[in-house]
Amino acid sequence: MNTSTPTDTAVTGFQRFRRTRMTAPLRAMVRETTLSKDDLVYPLFVCHGNKIKNDVSSMPGVSQMSPDLLVKECAEIQKLGIPAVILFGIPGSKDEVGSEAYDDSGIVQQAIAAIKKEVPGLVVITDVCLCEYTSHGHCGIVRGDEIINDESIELLAREALSHARAGADMVAPSDMFDGRVAAIRTKLDEGGFGQLPIMSYAAKYASGFYGPFREAAESTPTFGDRRSHQMDPANSDEALREVAADIEEGADIVMVKPAIPYLDVIRRVKDTFGMPTAAYNVSGEFSMVKAAGQRGWIDEERVMMEMLTSIRRAGADIIITYFAKAAAKLL
Ligand code: PBG
């Protein structure tokens, strides 16, 4: 590459940013943000049965899996160098109060035990919510058209304790009800799990980007929406108050979700609290890239790495992403 034409050697009154961009090693030397396998968490959907693999049509490469296949997948994830997975359960049957969520023999509890037995080193995080388990698809108890807060957080605390008993390494409440982190912390402490960390979905927005996930987790509400508990996309001061409350209540890691449309929120949260900060690069963010990539409209790998790097640059320490396996293969 010709890096010094005669005109470029002249002393001039402007800065030459291009000097450190001329070769790959130079660019690497001045790179500010790194992405590592250690930053990644891979989401998994577990269903009942044996040798079951149901592909999720709106999320290419993502499937619901029965525990036997899930364990094999986890072994591969560990081999790729990804340190952690987050589990979502598809129950055998749903009811008004999401009973299987806090049943010690529920699907997530079975999956945790199986993973811990076969792939002991992998960090198993569980999503704590009722929406996959309730017949109405809401994240808690519903009376009339109201989603009840205080009774629901009791059930979420029972779910978290049940996951802990099954061997989970970390619980991640995703409901956005008020006071759930405190309720879960108290329940875990009383149950002898004082050392079990909580990663709270602290600033979780009522987002259209969850569409494909709801197919994967079979958790679309049968009526209404989640706007009475998830945050308004227009707010970011409120996100700081949500995060402050969760830290006060005992959260060890705080999450912003979705990631790409909320990079400003990630940055504010990181700068304000200096906490271990996670970002959830959600299903819609994933599926948009996959769809455009399949059509040849964008370079899927390049856009993936750019997105993940941007989330790190915004201040996230941990990225939960359906791209984890693909990214780990490149890193
Ligand atoms: C709730 C939950 C959701 C997601 C993670 N946990 C969906 C929702 O709030 O409706 C979304 C994740 C994604 O879109 O990838 N259990």
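**Exercise 1.** Determine how many cavities of 30 Å³ or more the structure holds, and describe the lining of the largest cavity.

*Solution.* The structure, a predicted model in which local features need pLDDT of at least 70, side-chain atom pairs count only at pLDDT 80 or more, and totals for chains, interfaces and linings use all residues, holds one cavity of 30 Å³ or more. Residues are numbered from 1 along each chain as its sequence is written, and side-chain values use heavy atoms, with hydrogens and water left out. The largest cavity has about 140 Å³ of space. Its lining consists of 20 residues, of which Cys131, Lys204, Tyr210, Phe213 and Lys257 lie nearest the centre. β9 (199-204) and α6 (211-216) are the elements that give two or more residues to this lining.

**Exercise 2.** Locate Pro258 and characterise the peptide bond that joins Lys257 and Pro258.

*Solution.* Pro258 belongs to the loop between β10 (253-257) and α8 (263-273). The bond joining Lys257 and Pro258 is cis, with omega of about -10 degrees. Most peptide bonds are trans.

**Exercise 3.** Decide whether Lys51 and Met176 are buried (under 20% relative accessible area, 1.4 Å probe, protein chains only) or exposed (over 50%).

*Solution.* Lys51, in the loop between β1 (40-47) and β2 (53-55), has a relative accessible area of 66% and is therefore exposed. Met176, in the loop between β8 (170-173) and α5 (180-190), has a relative accessible area of 2% and is therefore buried. Neither residue is a glycine, but phi is positive at about 55 degrees for Lys51 and at about 75 degrees for Met176.

Definitions and conventions. Helix = DSSP H or I, 4+ residues; strand = E, 2+ residues; numbered from the N terminus. 1 Å grid on protein atoms, 1.4 Å probe; cavity = no way out; pocket = protein on both sides within 12 Å on 5 of 7 lines; lining within 4 Å. Points joined across faces, edges and corners; volume = space filled by probe spheres on them.
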